[in-house]
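Please open the structure in a viewer and keep the selection tool at hand. The stops below follow one another from element to element.

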Amino acid sequence: MSQTLPPAPVPETNRWGAVPARNGPRLLRPAPVRIVLLVVLFFAVQALAAGLVLPVMDRPLLAQALGVGAAVLTLLLYAAAVRLTERRSATELRLRALPLGLVGGTLLGVALFAAVIGVIAVFGEYRITGLGSADGVMAAIGMMCAVAVIEEVIFRGVLLRILEEATGPWGALGLSSVLFGAMHMVNPGATLWTGTAIAVQAGLMLGAAYLLTRSLWLPIGLHLGWNFASAGIFGTAVSGVDHGETSVFTSTTAGPYPLTGGAFGPEASVTAVVLCTALTALLLVLFVRRHRRPA
């Protein structure tokens, strides 16, 4: 006679859909302790990934394998860290949300960046000059997988999620976005404007994607799609970094800085800020409607 197994327990969530951390080891329960511990861990992983992938960008298969491997390792480390510090499974990495979140998010990120390029091209300031290298595109895929996963784990999986315990979703969204913009201030050609632009367009958008879905897959997909479209398809600088011939097309971008972002790339353009803010507003409206208290 067959025996029916009981359903898996549903994690307790607060009003906004977050899973409170209550069961971790006493020493690791304070939010600041977990933030410092995990941020240091994953910045070390980021440094290791950069040290492995960047020197082999001229060897596309190896660069791709190392980049994807670094991304997978980061996710496994994150799941293990959540288990250790909070004694729960990392529901924000639940596999049933992976296909729509990761694949759909990547396609949406590519489409969003393509829309930015489309606006710039309409004004005649983006021109395709030739074809890039297939090997370069393969290497770009590996590099951008590592970048998207590691940065989303740090800023959405650690900072936004844990800050929310103390500040609620709005304070955590704002603070994590400011820190995300500040991190990019060390990039070539960065200014106060570029940091602000990235905080507004990317920090808020990716944070809103996490709050709406309570999953890291959608922000990872959006981040991956955007960065890959920039460095792997349209041949523009990514946050001030020119990755060379790693794209489908080689291109030139000229014209007014507010329209194109200049040498820093389209991320510094008002065009990108406006389009990304529109998507952020939509995500936040859906988030608030989902968690609106009944009258």
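Which residue takes a positive phi just after α3? Select G124: its phi is about 75°. Please bear in mind throughout that this is a predicted model.

**Helix α3 and the loop after it**

Now select residues 98–122, which make up helix α3. The helix has 25 residues and reaches 35 Å from its first C-alpha to its last, close to the 36 Å expected at 1.5 Å a residue. Colour its buried residues next: G101, G105, G109, L112, F113, V116, I117 and I120. To see what these buried residues pack against, display β1 (126–131), α5 (192–213), α6 (217–233), β2 (249–253), α7 (257–260) and α8.

F113, one of the buried residues of α3, leads to a further group. Select F113 together with Y126, W226 and F234, and one aromatic cluster appears.

Move on to F123, in the loop between α3 and β1. Is F123 buried or exposed? Its relative accessibility is 56%, so F123 counts as exposed. For a sense of distance, add R15 to the selection: the C-alpha atoms of F123 and R15 are separated by 46 Å, and the two residues are 108 apart along the chain.

**Helix α4 and its bend**

Select residues 134–183, helix α4. What does helix α4 span between its end C-alpha atoms? The value is only 31 Å, whereas a straight helix of 50 residues would span 74 Å at 1.5 Å a residue. Centre the view on G168, where α4 bends by about 125°. A proline, P169, follows within four residues of that position.

Go then to the N-terminal end of α4, which S133 caps. A side-chain oxygen of S133 lies 3.2 Å from the backbone nitrogen of D135.

Within α4, select S176. With a relative accessibility of 0%, S176 counts as buried. The side chain of S176 reaches the backbone oxygen of L173 at 3.2 Å. Leaving aside residues up to four places away in sequence, S176 touches F155, L159, L160 and L163.

**Aromatic pairs**

How many aromatic pairs does the structure hold? There are six. In one of them, the rings of F155 and F180 have their centres 5.0 Å apart and their planes at 75°, so this pair is edge-to-face. Both F155 and F180 are buried. Another pair to display is W170 with F287, also edge-to-face, at 5.7 Å centre to centre and with 75° between the planes. W170 belongs to helix α4 and F287 to helix α8 (residues 270–290), so the pair ties together parts that are 117 residues apart in sequence.

The two partners can be compared by accessibility. W170 counts as partly exposed, at 41% relative accessibility, while F287 is buried, with a relative accessible area of 0%.

Before leaving this region, return to F180 and add R156. The charged end of R156 sits over the ring of F180, 4.6 Å from its centre.

**A buried arginine**

Select R214, in the loop between α5 and α6. Is this arginine, R214, buried or exposed? At 10% relative accessibility, R214 counts as buried, because the cut-off for that class is under 20%. Which side chain is joined to that of R214 by a polar contact of 2.8 Å? The partner is E164. Show the surroundings as well: with residues up to four places away in sequence not counted, R214 touches W16, G17, A18, T91, E92, R94, E164 and F287. F287 is the residue met earlier as the aromatic partner of W170.

**Two positive phi values outside glycine**

Finish with two loop residues. R87 lies in the loop between α2 (60–86) and α3, and its phi is near 55°, a positive value in a residue other than glycine. R87 is exposed, with a relative accessible area of 51%. The last selection is S239, in the loop between α6 and β2. The phi of S239 is near 55° and is likewise a positive value in a residue other than glycine. S239 is buried, however, with a relative accessible area of 5%.

Conventions. Residues numbered from 1 in each chain as written. Predicted model: local features only at pLDDT ≥ 70, side-chain atom pairs only at ≥ 80, totals over all residues. Heavy atoms only, no water. Expected span 1.5 Å × (residues − 1). Bend = angle between axes of the 7 residues up to and from the residue. Polar contact = N/O pair within 3.5 Å; in protein donor to acceptor, adjacent residues only side chain to side chain. Phe/Tyr/Trp six-rings, centres within 6.5 Å; stacked < 30°, edge-to-face > 60°. Buried < 20%, exposed > 50% of the residue type's maximum accessible area, 1.4 Å probe, protein only. Lys NZ or Arg CZ within 6 Å of the ring centre and 35° of its normal. Contact = heavy atoms within 4.5 Å.
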